[in-house]
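Colleague: I would be grateful for a close look at one residue in this model, together with the parts of the chain that give it its setting. Please define each term on its first use.

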Amino acid sequence: MRPLLSYDSVKSPGEGDAIEAPVRLYREKVDPSWIDRNEHVGVMGYAQAFLKSSSAAMRCVRLSTAECLPEGRSTYALKWAVTYLREVPADATLEYTFQLLDYSDKLVHYALHMHNTDDGSVAAVSEFLEVHI
């Protein structure tokens, strides 16, 4: 199993590289701007965290902005759902995993899991359906 990476070090796999499933993306401390008045991650915090981790996930399947835009391609969200399973306190360390659920020439369906490494729980799951144009 490969070591955990920072967000900035998640790269697209090379041609023929094996990809483990689920893909362990990166680990980070909760950003203070995500905290609500109850000292937990708020709804906007989950949204920001999952949008950031979706960018890392798209690098894993060669659909990142950096890879698509020079070729005049892009992805657009068709559906995005977040399931909140547990509260995340302000001092938590989070790890994100990526699981490709289905794909075609035009659609990518995937899930991201937010793990609280402090207590070993899955704090939230986000499911995406994106179109590739």
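Is E39 buried or exposed, and what is its relative accessible area?

Modeller: E39 is exposed, because its relative accessible area is 51%; exposed means over 50%, buried under 20%, and partly exposed in between (1.4 Å probe, protein chains only). The model is predicted, so local features need pLDDT of at least 70 and side-chain atom pairs pLDDT 80 or more, while totals for chains, interfaces and linings use all residues. Numbering starts from 1 along each chain as its sequence is written, and side-chain values use heavy atoms, without hydrogens or water.

E39 lies in the loop between β1 (23-29) and α1. Helices (H or I, at least four residues) and strands (E, at least two) are DSSP runs, numbered from the N terminus. The backbone of E39 deserves attention: its phi is positive, near 65 degrees, although the residue is not glycine. Most residues other than glycine have a negative phi.

A positive phi also appears in the hairpin of β4 and β5, where four residues lie between the strands and G120 has a phi near 80 degrees.

The helix that follows the loop of E39 is α1, residues 43-60, and L51 belongs to this helix. L51 counts as partly exposed because its relative accessibility is 44%. From L51 to L112 the separation in sequence is 61 residues, while their C-alpha atoms are 9.9 Å apart.

For the wider setting, the protein contains two helices and five strands, in the order β-α-α-β-β-β-β along the sequence. Strand β5, residues 121-132, is mostly covered, with nine of its 12 residues buried. Two strands count as paired if DSSP finds at least two bridges between them. Strand β2 (residues 75-84) pairs with β5 in the antiparallel sense over nine bridges. Strand β4 (residues 107-116) also runs antiparallel to β5, joined to this strand by 10 bridges. At E127 in β5 the two pairings can be followed: E127 is the bridge partner of A81 and also of A111.

Over the whole protein of 133 residues, 39% count as buried. Among contacts (heavy atoms within 4.5 Å) between residues at least 6 apart in sequence, 63% join residues at least 24 apart. The accessible surface, computed by the Shrake-Rupley method with a 1.4 Å probe, comes to about 7600 Å², and 55% of this surface belongs to carbon and sulfur atoms.
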